[in-house]
Amino acid sequence: MDFKLAIERNRAPLLVEILKLFAMIGLAEGVTIERISRPLHRQVSGILRKAESAVRRLIVAAARDIVLEPEESRPAKPRQKPSTKPKAEGEAKEKRKRRPLFNLFDQLIRFRHRIKKRRKPEPRLQVMELGNNPMFPIYVVVRQQEPPPAAVVKKADDGMVSAKHLIRRLLAAADALQDIPRHAMRLARWHARPKEERRPERWSPLRPGRPPGFRQKARHVVDEILKECHWLAQLGNPPLDDTS
């Protein structure tokens, strides 16, 4: 089977769908978007989650034949003390903005049991002693007044949410589709390390079972692409029982 052809057949339409997500939120060259409506954010995030799963499986399929030897551990470099000399004008260099890096690992399913915290009972009665005769003390029970509840200031909800994290995910997915061999090499370097030295410490970048965002009945073009990409990733790479 020609894996390169199969990867390219899914890569091109997947990139088109991600570019459509850019257009949905109105992101273009020279345009800055900080906030978008909550329904739009939910819609784009749901499609992007499936697309990220498909991209991740294309990278796994591309890295299946890459075998690397474990790298030798490098000695830690001594930390340099910051220079106290003032820099001349024009000498300071602007920091280069790094584009977001695509996450190669599925999010594992976490089963958490919520434990309800019970509020401890607080005494509401106070006993006071009156009189100076120790033989016949007089006690008075005084009921304490509960403090008034603190005023809660509710923020005005304008129906908009931040789009910063969503845009970073879109950029990372688009960059990964444009250079799959680079990210396949990243994954191969991760595989070459012993499990104890991997970060994260897992057997496989893919979680067992269905991929994130998987739907048996397709509702979107990305659903069909994800099915085929998941099949490609499993072909020649049997699923591992990841219990990390």
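## A tour of the helices and the largest pocket

Start by selecting H1 and H3: Arg11, Leu14, Leu15, Ile18, Leu21 and Phe22 of H1 meet Leu170, Leu171, Ala173, Ala174, Leu177 and Gln178 of H3. What kinds of residue make this contact? Ten are nonpolar, one is polar and one is charged. Keep in mind that this is a predicted model.

**Stop 1: H1 across H3**

Show H1, residues 3-24, together with H3. Their axes come within 10 Å and cross at roughly 155°. Angles over 145 degrees count as roughly antiparallel, so H1 is roughly antiparallel to H3. Is the crossing left-handed or right-handed? H1 passes H3 in a left-handed crossing.

**Stop 2: H2 beside H3**

Keep H3 (residues 164-178) on screen and add H2 (residues 38-62). This pair packs at an angle of about 30°, and the axes are 10 Å apart. The angle makes H2 roughly parallel to H3. Turn the view and follow how H2 passes H3: the crossing is left-handed.

Now select the side chains in contact. On H2, pick His41, Val44, Ser45, Leu48, Arg49, Glu52, Val55, Leu58 and Ile59. On H3, their partners are Leu166, Arg169, Leu170, Ala173, Ala176 and Leu177. Colour them by type. You should find ten nonpolar, two polar and three charged residues in the contact of H2 with H3. Some H3 residues may look familiar. Leu170, Ala173 and Leu177 meet H2, and Leu170, Ala173 and Leu177 also meet H1.

**Stop 3: H2 beside H5**

Stay on H2 and bring in H5, residues 221-234. How do their axes lie? They come within 8 Å and cross at roughly 25°. H2 is therefore roughly parallel to H5. The crossing of H2 and H5 is left-handed.

Select Ile47, Lys50, Ala51, Ser53, Ala54, Arg57, Leu58, Val60 and Ala61 on H2. On H5, add Val222, Asp223, Ile225, Leu226, Cys229, His230, Leu232 and Ala233. This contact has twelve nonpolar, two polar and three charged residues. Pause on Leu58 of H2. Leu58 takes part in the contact with H5, and Leu58 also belongs to the contact with H3.

**Stop 4: a cis peptide bond**

Next, find the loop between H4 (180-192) and H5, where proline 200 has its place. Most peptide bonds are trans. What joins arginine 199 and proline 200? A cis peptide bond joins them, with omega at about 5°.

**Stop 5: the largest pocket**

Finish at the largest pocket, which has a volume of about 570 Å³. Which residues lie nearest its centre? Select Leu27, Val31, Thr32, Ile167 and Leu171, from a lining of 16 residues. H3 gives the most to this lining, with four residues. Colour the lining by type as well. Eight of its residues are nonpolar, two are polar and six are charged. Last, click on Leu171. Leu171 is among the residues nearest the pocket's centre, and Leu171 of H3 also takes part in the contact with H1.

Methods
Residues are numbered from 1 along each chain as its sequence is written. This is a predicted model: local features need pLDDT of at least 70, side-chain atom pairs count only at pLDDT 80 or more; totals for chains, interfaces and linings use all residues. Side-chain values use heavy atoms; hydrogens and water are left out. Axes are lines fitted to C-alpha atoms, for helices over the stretch in contact, and angles run from 0 to 180 degrees between N-to-C directions. Helices (H or I, at least four residues) and strands (E, at least two) are DSSP runs, numbered from the N terminus. Angles under 35 degrees count as roughly parallel, over 145 as roughly antiparallel, 65 to 115 as roughly perpendicular and the rest as oblique. A crossing is left-handed if the near helix is turned anticlockwise from the far one by less than a right angle, and right-handed if clockwise. Contact means heavy atoms within 4.5 Å. Ala, Val, Leu, Ile, Met, Phe, Trp, Tyr, Cys and Pro count as nonpolar, Asp, Glu, Lys and Arg as charged, and the others, Gly among them, as polar. On a 1 Å grid over the protein atoms alone, a cavity is a set of points where a 1.4 Å probe fits but cannot get out, and a pocket is an open set with protein on both sides within 12 Å along at least five of seven lines; lining residues have an atom within 4 Å of a point. Grid points are joined across faces, edges and corners, and a volume is the space filled by probe spheres set on the points.
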